[in-house]
Amino acid sequence: MRLSQYFLPVLKENPAEAQIVSHRLMLRAGMIKQASAGIYSWLPLGFKVLRRIENIVHEEQQRAGHIALLMPTLQSADLWRESGRYEAYGEEMLRITDRHGRDMLYGPTNEELITDIFRSHVSSYRDLPLTLYHVQWKFRDEIRPRFGVMRGREFLMKDGYNFDIDEAAARHAYNRHLVSYLRTYERMGLQAIPMRADSGPIGGDDTHEFLVLADTGESEVFYDSEITDLRFGDRDIDYANPQACQAVLEEFTSRYARTDETHDEALFAEIPQSRRRSARGIEVGQIFYFGTKYSDAMGATVQNAEGKPVPVHMGSHGIGVSRLLGAIIEASHDDRGIIWPEGVTPFHCGIVNLKQGDEAADTACAALYKAVVGIGLEPLYDDTKERAGGKFATMDLIGLPWRITVGPRGLKNGVVELTSRRTGISEEMPPEDAVARLAEIYAPHR
Ligand code: 5CA
């Protein structure tokens, strides 16, 4: 993409309404625009990152054997009356009446709708296990929407639902989700720590939240510092193997890590003092096992091997897709702007032409652009007439992890400059070497 042809409405000034750095930087980098309280338009740069995050979520869900579908945003109140949650959900549910006077709602979550799909089409244990998921907009009429996309009213969530014959199979589904979430967040350059939590209006008694540590996080958390040394890495896990998934769950949940709702002072005190931490965190996902809560209420049964009808065991599993943009920026920025991890960056590199209109520089930039596209990467080429300082400031603000700077002086010696946004280190090299380096850097992210 050439910047002169793109739509990147960056702001020079800090917007007064933004209280935390991610909100400020998303507005300044022209990624989002507030449409009304807690509801945002996604401008091209923000939309690109949102799609990258969503794609990683899809890839990792499918790797774990989960199946994508798409349910609507508007739901009938009748299903929620069956589960008993229509009244219980409270003020956060946006209730709507259609022209025929029918009660509808904008879905805050989808347990009822998915259970209805399941009971209409599945009747035998032979069709299990089954995990269905979608990535869809949700609406929760939060009393205090704030911090931009972090606590929105309309937000994008991946929500998945498992259906299993018994508790053991459902626990495997829970563990499988935990493993796939660890992989998902690490691909986005994040460390998200599973912590024992409270299940709230979703229900059930087994639940973990995934938290990214950040001073601006809304959750208070308590943990054993040893947990921050754990990495999932690129292990090749067999998701169909219950023992393998259980072992990962044990590795990542055996140390103390809890949100304030489930915090236990006595247990916490058993950790050596030097390892006790209390901090703040951003909740980027949550997994639940709730057994037969919804299948009992809504009559979702299957015939077991003996031909007897039994209620299915279920869980639900959510990832805050739009919130993740804020969480990644909170974890990865400096005073000049965002620093995107390679896995989610909107463009793979920036190309800065120091002297637009200079024939050698223009030709070299055009050739570089072609070469970067040729290896399957997306560059953002600043071909505007802006002075060099302004071009650098924009690139730093929008946070592309790599920048290639092209100027007449370097070209005389046959070199361009490759700069890392994270370290600030620049290296001179021939243009073809810079392209080869980018290919190497991005190889693990394909
Ligand atoms: N049905 C379950 C799992 S699918 C569920 O709704 N879980 S949840 O309530 O924990 O939401 C899942 C994730 O959505 C949360 O972990 C959080 O990352 C994100 N989320 C929840 N509320 C908001 C909000 N108001 N703004 C942005 N993201 C949110």
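**Exercise 1. The shell around the ligand**

Determine which element gives the most residues to the shell around the ligand in this predicted model, and how the residues of that shell divide by class.

*Solution.* Step one is to rank the contributing elements: β13 gives the most to the shell around the ligand, with 5 residues. Step two is to place β13 in the wider set, for the elements that supply two or more residues to this shell are β8 (154-164), β13 (276-291) and β16 (313-320). Step three is to turn to the residues themselves, of which 22 surround the ligand, with Thr109, Glu111, Arg140, Gly152 and Glu283 as the closest. Step four sorts the shell by class, which yields 7 nonpolar, 8 polar and 7 charged residues.

**Exercise 2. Polar pairs and burial of the ligand**

Find the distances that separate ligand atoms from N or O atoms in the side chains of glutamate 283, glutamate 142 and serine 316, and state what percentage of the area exposed by the ligand alone is buried by the protein.

*Solution.* Begin with the ligand's oxygen: one such atom lies 2.4 Å from an N or O atom in the side chain of glutamate 283, a residue that is also listed among the closest to the ligand. Continue with nitrogen, where a ligand atom of this kind is 2.9 Å from an N or O atom in the side chain of glutamate 142. A nitrogen atom of the ligand is also 3.5 Å from an N or O atom in the side chain of serine 316. The last step concerns area: the ligand taken alone exposes 600 Å², and the protein buries 96% of that.

**Exercise 3. The pocket that holds the ligand**

Identify the pocket in which the ligand sits, then describe its volume and its lining.

*Solution.* The ligand is found in the largest pocket, whose volume is about 920 Å³. Its lining comprises 42 residues, and those that lie nearest the centre of the pocket are Arg140, Arg151, Glu283, Gln286 and Arg323. Two or more lining residues come from each of β8, β13, β16 and α10 (321-331). Among the elements, β13 gives the most to this lining, with 7 residues, just as β13 gives the most to the shell around the ligand. Sorted by class, the lining of the largest pocket holds 13 nonpolar, 16 polar and 13 charged residues.

**Exercise 4. The second largest pocket**

Describe the second largest pocket by its volume, its central residues and the elements that supply its lining.

*Solution.* First, the volume of the second largest pocket is about 550 Å³. Second, 20 residues line this pocket, and Arg187, Gly343, Pro444, His445 and Arg446 are the ones nearest its centre. Third, α2 (44-63) and α6 (167-187) each provide at least two residues of the lining, with the largest share, 6 residues, coming from α2. Finally, the division by class gives 4 nonpolar, 6 polar and 10 charged residues.

**Exercise 5. Enclosed space**

How many cavities of 30 Å³ or more are counted, and which residues line the largest cavity and the second largest cavity?

*Solution.* The count comes to 2 cavities of 30 Å³ or more. The largest cavity contains about 90 Å³ of space, and the residues lining it are Leu182, Tyr185, Glu186, Leu190, Gln191, Ala192, Ile193, Pro194, Ile227, Leu230 and Phe252. Both α6 and β9 (193-196) supply at least two of these lining residues, and α6 gives the most, with 3. By class, the lining of the largest cavity divides into 9 nonpolar, 1 polar and 1 charged.

The second largest cavity has a volume of about 50 Å³, and its lining consists of Gly38, Tyr40, Trp42, Trp137, Gly148, Val149, Gly152, Glu154, Phe155 and Ser322. One of these residues, Gly152, is also listed among the closest to the ligand. At least two lining residues come from each of β2 (39-42) and β8, and the classes here are 5 nonpolar, 4 polar and 1 charged.

**Exercise 6. Backbone details in two loops**

Locate the cis peptide bond that involves proline 129 and the loop that contains phenylalanine 147.

*Solution.* The peptide bond from leucine 128 to proline 129 is cis, with omega near 0°, and proline 129 belongs to the loop between α5 (111-121) and β7 (130-139). Phenylalanine 147, in turn, is part of the loop between β7 and β8, where its phi is near 60°, a positive value in a residue other than glycine.

Technical notes:
Residues numbered from 1 in each chain as written. Predicted model: local features only at pLDDT ≥ 70, side-chain atom pairs only at ≥ 80, totals over all residues. Heavy atoms only, no water. Near = heavy atom within 4 Å. Polar contact = N/O pair within 3.5 Å; in protein donor to acceptor, adjacent residues only side chain to side chain. Areas by Shrake-Rupley, 256 points an atom, 1.4 Å probe, with all protein chains shown as cover. 1 Å grid on protein atoms, 1.4 Å probe; cavity = no way out; pocket = protein on both sides within 12 Å on 5 of 7 lines; lining within 4 Å. Sits in = over half its atoms within 2 Å of the grid points. Helix = DSSP H or I, 4+ residues; strand = E, 2+ residues; numbered from the N terminus. Nonpolar A, V, L, I, M, F, W, Y, C, P; charged D, E, K, R; others polar. Points joined across faces, edges and corners; volume = space filled by probe spheres on them.
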